[in-house]
Amino acid sequence: MPPNARILIVDDHEDTLYALESALAPLGHLLGRATSGDEALKQLLRGNVGLLLLDVHLPGISGLDVVRYMRRLEQTRHIPVVLLTGFARDRQLGAAAYALGVADLVTKPVDPWALRTKVRHLYDARRRHLALEREIRALRARLDERTGAPGRPALPHPQARVGPGRPAGAHTGELERDRT
């Protein structure tokens, strides 16, 4: 995520866009806006979006459909999303949103203080996560330079999964060394 990544605010009502921009302006991040799901997807695909604040009920493509599409693409899969709804929260909407990996579901009207806190936390967490991934890649590259050949990494990837029935450490050979 570039240091100037925008927070994209998507709502089909101008007054809501203005209110959300006013609430988030004190954070000092660049803000973008879209008034439809189609427009939001176009901006997401152009890149440079660090967080998405998205209304559920949009003309054409709904907010949930935007998130479904985002999660299928590598370049947008991990962008944090806060969904907004003007209707009472129901279990079905909450279940669908959280199943898609949405960070939060917020009911309008929005408390500006709470929204700023959530957005600040999610934006900063995403930035830190990407910085750690860059650092891991750089360290692996340095390790490859020292060993002379890229091969199996000395450390497993932080997102690596250990297969079922295999204890932690089994993928690195630690268990075999411990038995001897």
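Helices and strands are runs assigned by DSSP, counted from the N terminus, where a helix has at least four residues and a strand at least two. With that in hand, you can read this predicted model as a pattern along the sequence: β-α-β-α-β-α-β-α-β-α-α. In total, the protein holds 6 helices and 5 strands.

**The sheet**

- The model has an open sheet of 5 strands, and their pairing is parallel.
- Going across this sheet, you meet the strands in the order S2-S1-S3-S4-S5.
- Strand S2 (31-34) and strand S5 (104-107) form the edges, each pairing on one side only.
- On average, and with direction ignored, neighbouring strands of the sheet are turned by 20 degrees against each other.

**A look at one strand pair**

- Strand S3 covers residues 49-55 and strand S4 covers residues 81-85; the two run parallel.
- How many bridges join strand S3 to strand S4? There are 4 bridges between them.
- If you want a spot to find in the structure, try Leu53, which stands opposite Val82 in S4.

**The protein as a whole**

- The protein has 180 residues, and 37% of them count as buried.
- Its accessible surface comes to about 10,900 Å². Carbon and sulfur atoms account for 56% of that surface.
- Now take the contacts in the protein with a separation of 6 or more: 57% of these are between residues 24 or more positions apart.

Note on methods:
Residues numbered from 1 in each chain as written. Predicted model: local features only at pLDDT ≥ 70, side-chain atom pairs only at ≥ 80, totals over all residues. Heavy atoms only, no water. Pairing = 2+ DSSP bridges. Axes fitted to C-alpha atoms, helices over the stretch in contact; angles between N-to-C directions. Buried < 20%, exposed > 50% of the residue type's maximum accessible area, 1.4 Å probe, protein only. Contact = heavy atoms within 4.5 Å. Areas by Shrake-Rupley, 256 points an atom, 1.4 Å probe, with all protein chains shown as cover.
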